[in-house]
Amino acid sequence: MTIREGYYSEQIRNKSFEEIQSILGLMQKLVYDTIRDNEPISNEGIANILKKWPHEICPRVLELRKLDLVELLLDSKGKPVKGKGSSGRNVSLWKVKHSITQLELIQ
């Protein structure tokens, strides 16, 4: 039986996703999924998509950062990339942090 291209990477992705989902609460899952599907995205952007207030989102992003699942978007010099919020002020942009297993597939 021939294994189609991408099969193994999909299996690793699915396993990683299942492991992540088992440790997250409902709101954490929603925030994580929103970041994953729309990265890079700000707290304000997440709140708009989920129809929540930003103060409901910020603690969940902090929890995801502490779990080492999301990180700031950095430029090539290692400095945070800033976006513009609705107020015109700079905002941090978030992205999903890729696991070691996922990175091994790329190399």
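Me: In what order do the elements of the chain run from the N terminus on?

Reply: This is a predicted model, and its elements run α-α-α-α-β-β-β-β-α. That comes to five helices and four strands.

Me: How do you know how far to trust the predictor on each element, going by mean pLDDT?

Reply: pLDDT is the predictor's confidence on a scale from 0 to 100. Helix α3 has the highest mean among the elements, 96, and helix α5 (residues 100-106) has the lowest, 46. Over residues 100-107 the pLDDT is below 50, and this stretch has five contacts in the model beyond near neighbours in sequence. For the chain, the mean is 83, with 81% of the residues at 70 or more.

Me: Why is Y8 called exposed?

Reply: Exposed takes a relative accessible area over 50%. Y8 has 55%, so Y8 counts as exposed. Y8 sits in helix α1 (residues 7-23), and together with I3 and Y7 it makes a nonpolar surface patch of about 310 Å².

Me: And what makes E39 partly exposed?

Reply: Partly exposed is what lies between the buried limit of 20% and the exposed limit of 50%. E39 comes out at 33%, so it falls in between. You'll find E39 in the loop between α2 and α3. Leaving out residues up to four places away in sequence, E39 touches W94, K95, V96 and H98. Take K95: 56 residues separate it from E39 in sequence, but the two C-alpha atoms are 5.1 Å apart in space.

Me: What makes D68 and K97 a salt bridge?

Reply: The cut-off is 4 Å between a side-chain nitrogen of Lys or Arg and a carboxyl oxygen of Asp or Glu. In D68 and K97 the closest N and O atoms are 2.7 Å apart, within that cut-off, so the pair qualifies. D68 lies in the loop between α4 and β1, and K97 in the loop between β4 and α5, so the pair ties together parts that are 29 residues apart in sequence.

Me: Why can such side chains pair at all?

Reply: Because side chains of opposite charge can pair when their charged atoms come close.

Me: Which parts does the salt bridge between E71 and K95 tie together?

Reply: The N to O distance between E71 and K95 is 3.2 Å. E71 is in strand β1 and K95 in strand β4, so this pair links parts that are 24 residues apart in sequence. The structure holds five salt bridges. Those that share partners join D33, R36 and D37 into one network, and in it the closest N and O atoms of D37 and R36 are 3.1 Å apart.

Me: How do you know which residues matter for counting contacts in the largest nonpolar core?

Reply: Among the 15 residues of this core, V31, Y32, I35, I46, I57, V61 and L64 touch the most other members. Helices α2, α3 and α4 and strand β4 each supply at least two core residues. V61 is one of the well-connected ones: leaving aside neighbours within four places in sequence, V61 is in contact with V31, I35, N43, I46, V70 and W94.

Me: Which residues of α3 are buried, and what do they pack against?

Reply: N43, G45, I46, A47 and L50 are buried. The buried residues of α3 pack against α2, α4, β3 and β4. Right after α3 comes K51, with a positive phi near 55°.

Technical notes:
Residues numbered from 1 in each chain as written. Predicted model: local features only at pLDDT ≥ 70, side-chain atom pairs only at ≥ 80, totals over all residues. Heavy atoms only, no water. Core = buried A, V, L, I, M, F, W, Y, C linked by side-chain atoms within 4.5 Å. Buried < 20%, exposed > 50% of the residue type's maximum accessible area, 1.4 Å probe, protein only. Contact = heavy atoms within 4.5 Å. Patch = residues over 30% accessible without salt bridge, like charges linked within 9 Å, V, L, I, M, F, W, Y side chains within 5 Å. Areas by Shrake-Rupley, 256 points an atom, 1.4 Å probe, with all protein chains shown as cover.
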